[in-house]
Amino acid sequence: MGRFSDPQDPLFQALNSSISFDLRLAPFDIEQSLAHARMLTRASIIGEDDLATLERGLEAVRKEIDEDEFEIQPGDEDVHMAVERRLTEIVGPAGGKLHTARSRNDQVATDVALLVRWHAESARELLLRLMAVLADLAGRHADWPLPGYTHLQRAQPVYLSHHLLAHFWRFRRDLRRFEFCVESTSELPLGSGALAGVNFDTDREFLASELGFESVAPNSLDAVSNRDFVLDYLAAASTCATHLSQLGAELVLWSSEEFGFCEVADAFASGSSLMPQKKNPDAAELLRAKAPRVWSSLVRLHGVLHGLPLTYNKDLQEDKEPLFDAIDTLELCLSVAASMLETIAFDRERMAAASADELLAATDVADLLVKRGMPFREAHGVVGGLVRGALDRGKALSELSEQELSELAPQLDGEFYDLLRQGAWLESKVSEGGTSSARVAEQLERARAVLAAG
Ligand code: ARG
């Protein structure tokens with residue numbers, strides 16, 4: 001009890017305790033403690049015999065945690081105290097030597113950095129899997145046309161491969177953001193002590209290399225209060241969750257009776273308790289809905305951190321629950337998205353019928369005029385008039401007679417009818433990054449190179 005003569009109020013304990021959620025840090029805490037003990041021995045701060053004792057004790061604690069046999073005691077405020085309490089029960093007073101030259105402040109910052117690095121790597125792996133599924137789907141639907149939309153109005157036809165690869169590149173940018181996040185965990189906080197450094201000449205370089213950090217945090221005050229790497233994880237996760245929600249929203253729309261472009265596998269759908277005919281794309285709907293939950297974690301942590309004076313403040317304990325919730329949500333959503341796409345079925349006919357709408361060729365008709373020297377703005381007006389004329393007559397563009405065509409757009413001739421053959425207006429998009437087959441093939445090659453590089 002030391003400085004205190006009265007016990008803590010149970011209400012205060014309920015507020016202050018973090019063990020109910022931070023036990024999750026235990027594997028990182030133990031890894032860190034093993035490295036710390038080795039460093040203390042190398043620096044002759046504790047003896048070889050102490051190290052052997054601490055190693056034996058920490059391994060025993062690790063085993064209990066791994067096997068779900070670790071028992072939390074009423075006095076265990078947080079994971080650090082719980083592990084040390086159990087260690088000391090197992091090895092006796094030598095357990096108390098572990099906390100030499102270390103504070104819970106640099107300890108918790110180090111645990112959280114290790115955990116964030118671990119999960120940024122997991123997010124990378126899950127993203128790579130999802131991207132591989134998208135690239136594979138693109139390869140298998142290379143020349144399946146569907147309408148591309150703006151304002152959710154049919155705009156220009158594209159190939160399904162091109163559309164799927166659009167999602168691929170978004171996830172690729174997420175991948176980069178998680179790579180940055182790994183980088184932002186690369187400075188070791190351990191060795192900063194409570195805030196000012198410790199009274200021993202510790203070997204922080206050794207600790208950094210033992211724990212996989214690239215360098216030692218240069219300022220102890222910053223190191224114990226830095227949670228930028230958590231913000232970086234949450235920012236990357238938020239953008240990624242938004243991308244997943246856009247993908248989910250599209251799949252919900254596409255699997256509706258109205259679109260009928262795809263059907264998710266039974267394994268990712270549910271029925272209605274009332275209406276026997278229904279098959280609902282719940283997984284896609286939940287991908288759509290989870291994003292705000294992930295961003296809320298980012299906002300919560302900004303809320304906790306803003307206005308905090310240096311250095312450690314108990315407020316920082318509030319970094320964990322939002323982080324853990326975002327990790328669990330994102331990892332689940334990434335896995336579901338990949339598995340759902342692996343088993344989705346697209347309807348070639350329905351997409352082809354929707355993209356056979358000739359009005360989708362309007363831009364190509366305008367460009368026909370441009371190629372004959374008409375300024376684009378003027379061509380846009382001529383084709384607009386042509387579309388209106390066709391709609392007024394209740395006809396498709398190709399159903400207009402040559403007579404009608406010459407009245408509505410005298411500048412057009414037989415080439416107009418040739419152009420309206422579907423396919424020509426997909427293959428006409430020859431610019432780099434466009435939807436023509438050759439450009440999509442190029443794009444798919446780039447996507448595969450990204451995957452091969454990992
Ligand atoms: N449970 C605490 C946290 O998560 C550990 C650090 C406690 N440090 C302290 N000075 N009370 O932030």
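This report describes the ligand site, the pocket and cavities, and some single residues of a predicted model.

Local features are given where pLDDT is at least 70, side-chain atom pairs count only at pLDDT 80 or more, and totals for chains, interfaces and linings use all residues. Residues are numbered from 1 along each chain as its sequence is written, and side-chain values use heavy atoms, with hydrogens and water left out.

## The ligand site

Which residues are around the ligand? They are Ser18, Asp78, His80, Arg104, Asn105, Val108, Tyr312, Gln317 and Lys320; a residue counts here if one of its heavy atoms lies within 4 Å of the ligand. By class, this shell has two nonpolar, four polar and three charged residues. In this classing, Ala, Val, Leu, Ile, Met, Phe, Trp, Tyr, Cys and Pro are nonpolar, Asp, Glu, Lys and Arg are charged, and the others, Gly among them, are polar. Helix α6, residues 104-140, gives the most to the shell, with three residues. Helices are DSSP runs (H or I, at least four residues), numbered from the N terminus.

Three side chains of the shell have a polar atom at a stated distance from the ligand. For Tyr312, an N or O atom of the side chain is 2.4 Å from an oxygen atom of the ligand. A polar side-chain atom of Lys320 is 2.6 Å from a ligand oxygen atom. In the case of Asp78, the ligand atom is a nitrogen, and the distance is 2.9 Å. On its own the ligand has 340 Å² of accessible area, and the protein covers 87% of this. Accessible areas come from the Shrake-Rupley method with a 1.4 Å probe; for residues, only the protein chains shown count as cover.

## Pocket and cavities

Pockets and cavities are found on a 1 Å grid over the protein atoms alone. A cavity is a set of points where a 1.4 Å probe fits but cannot get out, whereas a pocket is an open set with protein on both sides within 12 Å along at least five of seven lines. Lining residues have an atom within 4 Å of a point. Grid points are joined across faces, edges and corners, and a volume is the space filled by probe spheres set on the points.

The largest pocket holds about 370 Å³ of space. Its lining has 15 residues, and Ser255, Ser256, Glu257, Glu263 and Lys279 are the ones nearest the centre.

How many cavities of 30 Å³ or more are there? The count is two. The largest cavity has about 50 Å³ of space, and its lining is made up of His163, Leu164, His167, Leu247, Glu250, Leu251, Trp254, Leu341 and Phe346. Two elements, α7 (160-184) and α10 (228-254), give two or more residues to this lining, and α10 has the largest share, four residues.

The second largest cavity has about 40 Å³ of space. Asp29, Ser33, His80, Val83, Glu84, Leu98, His99, Arg102 and Gln107 form its lining. Here α3 (26-42) and α5 each supply at least two residues, and α5 gives the most, with three. His80 is also one of the residues around the ligand.

The table sets out the linings by class.

| Space | Nonpolar | Polar | Charged |
|---|---|---|---|
| Largest pocket | four residues | five residues | six residues |
| Largest cavity | six residues | two residues | one residue |
| Second largest cavity | two residues | four residues | three residues |

## Residues in loops

Asp76 lies in the loop between α4 (48-66) and α5. Is Asp76 buried or exposed? Asp76 is buried, with a relative accessible area of 4%; buried means under 20%, exposed over 50%, and partly exposed in between, with a 1.4 Å probe and protein chains only. The Asp76 side chain makes a polar contact of 2.7 Å with the side chain of Arg85. A polar contact is a pair of N or O atoms within 3.5 Å; within protein, one must be able to donate a hydrogen and the other to accept it, and residues adjacent in sequence count only if both atoms are side-chain atoms.

The loop between α5 (79-91) and α6 holds Gly95, which is buried at 0%. Ala101 is in the loop between α5 and α6 and is buried at 10%.

Most residues other than glycine have a negative phi, and most peptide bonds are trans. Ala101 has a positive phi of about 60°. Ser44, in the loop between α3 and α4, has a positive phi of about 55° and is exposed, at 62%. A cis peptide bond, with omega about 0°, joins Leu310 and Thr311. Thr311 lies in the loop between α11 (282-305) and α12 (320-342).
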